[in-house]
Amino acid sequence: MHKLNPTIALALFVAAIPSLWAVVAPFIGVTVGAATLIVGGFFVASGNDPKNKWRLLFGMWLGIPWGMMAVTFPGLTGWPKLTLYVTLFVLGGLAVLISSMPGIRNWVDTAAWLTGWPFQSLS
């Protein structure tokens, strides 16, 4: 049996699955379907290395609560723009510091964490 070239297989997967999800998702009530295009692009930009999939996935997952805090905290004070700045400053710095800690850096990709953060605002 002929083995499919890995680059062709990746191209077909990235072209078909995220695009299909982005189109179908709104019909089933999911409003963040286009985020799959971003994630696919991020995976490719990260080197297409399947060995990094868990680090990327955990980083994206950690971005979700970060995004929830970033959109919630500014509305809790009388100074939303200042609170937004402080929130983004603190959460961004913490994401970099936490993900660079020994042990954690083996499980979490910093760029994925920062990339996953805005997905919460898409919902």
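**Entry 1: surface and overall build**

I began with the surface of this predicted model, and I found that the protein chain exposes about 8,300 Å², of which carbon and sulfur atoms supply 76%. I then looked up how much of the chain is covered, and noted that buried residues make up 22% of its 123 residues. The C-alpha atoms fill a box of roughly 65 × 40 × 15 Å when taken along the principal axes. For secondary structure I listed six helices and zero strands, which read along the sequence as the pattern α-α-α-α-α-α. I also checked the contacts between residues at least 6 apart in sequence, and 58% of these join residues at least 24 apart.

**Entry 2: helix H4**

I next took up helix H4, residues 80-99, and asked how its length compares with what its 20 residues should span. At 1.5 Å a residue the expected span is 28 Å, and the end C-alpha atoms are 28 Å apart, so the two agree. I then went through the helix for cover and found Thr83, Thr87, Leu91, Gly92, Ala95 and Ser99 buried. These residues cover an arc of only 150 degrees around the axis, which puts them on the same side of H4. In general, an α-helix has 3.6 residues a turn, so residues three or four places apart point the same way. On the other side of H4 I noted Leu82, Tyr85, Phe89 and Leu97 as exposed.

What covers the buried residues of H4? I found that the cover includes helix H3 (53-72) and helix H5 (110-116).

**Entry 3: helix H3**

I repeated the length check on H3, whose 20 residues should span 28 Å at 1.5 Å a residue; its end C-alpha atoms are 29 Å apart, which agrees. In this helix I recorded Leu56, Gly59, Met60, Gly63, Trp66, Gly67 and Ala70 as buried.

**Entry 4: a nonpolar patch**

I looked for nonpolar patches and noted one on the surface formed by Trp79, Leu82, Tyr85, Val86, Phe89, Val90 and Leu94, with about 780 Å² of accessible area together. Trp79 sits in the loop between H3 and H4, and because its relative accessibility is 62%, where over 50% is required, Trp79 counts as exposed. Leu94 belongs to helix H4 and is partly exposed, with a relative accessible area of 36%. Leaving aside the neighbours within four places in sequence, I found Leu94 in contact with Trp66 and Ser99, both of which I had already entered as buried, Trp66 in H3 and Ser99 in H4. I also looked up the separation of Leu94 from Ile28, which is 66 residues away along the chain, and their C-alpha atoms are separated by 36 Å.

**Entry 5: charge pairing**

How many salt bridges does a search of the whole structure find? I found one, formed by Arg55 with Asp109, the closest N and O atoms being 3.7 Å apart. Arg55 lies in helix H3 and Asp109 in the loop between H4 and H5, so the pair ties together parts that are 54 residues apart in sequence. I checked the cover on each partner: Arg55 counts as partly exposed at 25% relative accessibility, whereas Asp109 is buried, with a relative accessible area of 15%. As a general reminder, side chains of opposite charge can pair when their charged atoms come close.

Conventions:
Residues numbered from 1 in each chain as written. Predicted model: local features only at pLDDT ≥ 70, side-chain atom pairs only at ≥ 80, totals over all residues. Heavy atoms only, no water. Helix = DSSP H or I, 4+ residues; strand = E, 2+ residues; numbered from the N terminus. Expected span 1.5 Å × (residues − 1). Buried < 20%, exposed > 50% of the residue type's maximum accessible area, 1.4 Å probe, protein only. Arc of directions from axis to C-beta. Contact = heavy atoms within 4.5 Å. Patch = residues over 30% accessible without salt bridge, like charges linked within 9 Å, V, L, I, M, F, W, Y side chains within 5 Å. Areas by Shrake-Rupley, 256 points an atom, 1.4 Å probe, with all protein chains shown as cover. Salt bridge = Lys/Arg side-chain N within 4 Å of Asp/Glu carboxyl O.
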